[in-house]
There are 2 protein chains.
Amino acid sequence: MTDIDNVWFRYKEALNQVEGEIKRGLDSEVALINEVAQYTLVSGGKRIRPLLLVICANMGQSIDKRYLLLGSVVEFIHTATLLHDDVLDNARIRRGQPAARNLYGNQASILVGDFLYTRAVCRVVSMENLEMNYLLSFTCSKMTEGETWQLAHTSDFNLTEERYLKIIAYKTASLISASCKLGGVMGSVASEEKEALYSFGHNLGIAFQVADDTLDYVADKNRLGKALGQDIKEGKMTLPLIHLLSRCQKKEKEMLIELIQSGKPQKDLSSILKLMEMYGSISYAQKRAALFVKKAKEKLRIFPRSTHKEALQTVAEYVILRDY
Amino acid sequence: MTDIDNVWFRYKEALNQVEGEIKRGLDSEVALINEVAQYTLVSGGKRIRPLLLVICANMGQSIDKRYLLLGSVVEFIHTATLLHDDVLDNARIRRGQPAARNLYGNQASILVGDFLYTRAVCRVVSMENLEMNYLLSFTCSKMTEGETWQLAHTSDFNLTEERYLKIIAYKTASLISASCKLGGVMGSVASEEKEALYSFGHNLGIAFQVADDTLDYVADKNRLGKALGQDIKEGKMTLPLIHLLSRCQKKEKEMLIELIQSGKPQKDLSSILKLMEMYGSISYAQKRAALFVKKAKEKLRIFPRSTHKEALQTVAEYVILRDY
């Protein structure tokens, strides 16, 4: 078994209970909601956020049992964004299967996304804990800001790495860091430990997204479960492309811009990849992701050695080791 | 001045302050969010929900000043649903002006809808009042259920009036009743008065939607600010059509179904209206709306006579008097 498989195995029981909470939440009177939500939630998400929450809850002295419910909350929020993302991106495939919008239409995908988000809020409110309420509501607000920011920078060929990192911090890292901190809250860790878990999640979340954006160019296509080059097709400016555009020659930049504006850049993905190879753009992005993983792990320094701490380190490393 | 104009005038100062809170909430770092939200929020909504909240807050003995902030919250939620609705309906016009999606695209409309909803939640959470938190989160969940239910019944020619009423109770009445009750909470009314305001809003909300659905067939087109027959074009089963389909002859029903399935029923709106005239479908719907207004007003019985109570009665009557 690989290290990450070992981690999944170790927290399997708790994650199964989270899975139960997820299913229990899909009890709307409206059959269509349960159907679409179930299809999207059960079609093989990795459950990284619940896993992180569960591990972090174990970092303290005692666990509030409601951490399992909270595991479903972060997965509901994540799934809500996936449903909306697929509509935004006209995605046809998600995790190797037809995207929900392809089976149920855009309308149902938008509304069921809305439902999952509101259901998540209901569950947090019912826990009657202001700190968690604050954290999750501001997290969700940041996520929509990050997504909109990204949209506003579609085909912005001058997007800086700095702004890109801020966008992915908002759209991706915010929910991952919140998941870690919420776990800490449920595990009654000390105040500075909560912040350490938050920072761990923040850096891990950035690494996760940079790795994801890099894999969109170089993943094992079959294991990724969708075609490569989706981001550049949508005019989404991610780190490998940002690096390439800032380093290549003027003529090459003009060619790249023309290709992207043609609307079908993924048809010439091999020449883009050749340029990225030449200028080291893929390895640059991979190194940046590795740096954020390193930062994430450093944030765990304040914790004593434990199997749970090791599990967090393993998850952090997995984020950049995966090839899909 | 008409009675309803008098009401608007009487609460003008508070509503102006709500307007200030609305503008203050559009302070995202992301310029596109502020632009789309401002366009949609400032393009002339009637502000019925904030008005009801403000009047209800005045029904008690003392007012928590944060009712103005709460007025912005219900309008944010309402606007979030409008942005998503316009995407769902492929709407080109909203209130006589291009729908946001027509200027900024579906993607921005979906995301800014998400943003407004999350911002509304942040504002409620920051008020640190569990009762309001519960009420608003479950309201939003019901709204998405109502919307999805409606979608699931698109072109369902056997939809019953009973189910239709439940759908509009969820999608429309829930936020109106919540606005009334929240006003009551802010005005420190007694417990049974809170429930009375909630029931008032519930019945008013149903009347409001039935009237709206009827106006889609018979409104003054210029004042409505959009073409008639949008609902039937979208296969949306509303009360006049439900009534007609349940009363007309088999041959007429077949003709109607064929017309709706053709995708362009609004081109033959005059013959549909003739049938509705013949079977009294429009006047039936108008009478049902009037009945719900009557029920709404009855719920106010427990309150002593006051200018604020009279204002609520005037708003209730306005809902069925308006011709656009």
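1. In which helix of chain B is S141(B) found? S141(B) belongs to helix α7 of that chain. The present note concerns a predicted model, and the points below address this residue, the cavities and helix α8(B) in turn.

2. Is S141(B) buried or exposed? Its relative accessible area is 3%; because buried means under 20%, S141(B) is classed as buried. With residues up to four places away in sequence set aside, S141(B) touches F115(A), T118(A), R119(A) and C122(A).

3. How many cavities of 30 Å³ or more does the structure hold? The count at that threshold is seven. The largest has a volume of about 400 Å³, and the second largest a volume of about 100 Å³.

4. The lining of the largest cavity comprises 28 residues. Those that lie nearest its centre are H84(A), D114(A), H84(B), D114(B) and Y117(B). By residue class, the lining divides into 12 nonpolar, 10 polar and six charged residues.

5. Both chains contribute helices to the largest cavity. From chain A, α5 (67-88), α6 (100-126) and α7 (130-152) each supply at least two lining residues. From chain B, α5 (67-88), α6 (100-126) and α7 (130-152) likewise each supply at least two. The last of these, α7 of chain B, is also the helix in which S141(B) is found.

6. The second largest cavity is lined by 13 residues. Nearest its centre lie Q150(B), L159(B), I167(B), K236(B) and M237(B). Its lining divides into five nonpolar, five polar and three charged residues. Which helix gives the largest share of this lining? That share, four residues, comes from α8 of chain B, which covers residues 161-186.

7. The length of α8(B) may be checked against expectation. At 1.5 Å a residue, its 26 residues should span 38 Å, the expected span being 1.5 Å times one less than the number of residues. The C-alpha atoms at the two ends are 35 Å apart, which agrees with the expected value.

8. The course of α8(B) also merits comment. At A173(B) the helix bends by about 50°. Just after α8(B), S188(B) takes a positive phi of about 55°.

9. Is α8(B) mostly covered or mostly uncovered? The helix is mostly covered, since 23 of its 26 residues are buried, that is, under 20% relative accessible area. Thus α8(B) combines this burial with a bend at A173(B) and with the largest share of the lining of the second largest cavity.

Notes: Residues are numbered from 1 along each chain as its sequence is written. Chains are lettered from A and ligands numbered from 1 in the order in which they are written. This is a predicted model: local features need pLDDT of at least 70, side-chain atom pairs count only at pLDDT 80 or more; totals for chains, interfaces and linings use all residues. Side-chain values use heavy atoms; hydrogens and water are left out. On a 1 Å grid over the protein atoms alone, a cavity is a set of points where a 1.4 Å probe fits but cannot get out, and a pocket is an open set with protein on both sides within 12 Å along at least five of seven lines; lining residues have an atom within 4 Å of a point. Grid points are joined across faces, edges and corners, and a volume is the space filled by probe spheres set on the points. Ala, Val, Leu, Ile, Met, Phe, Trp, Tyr, Cys and Pro count as nonpolar, Asp, Glu, Lys and Arg as charged, and the others, Gly among them, as polar. The bend at a residue is the angle between axes fitted to the seven residues ending there and the seven starting there. Buried means under 20% relative accessible area, exposed over 50%, partly exposed in between (1.4 Å probe, protein chains only). Contact means heavy atoms within 4.5 Å.
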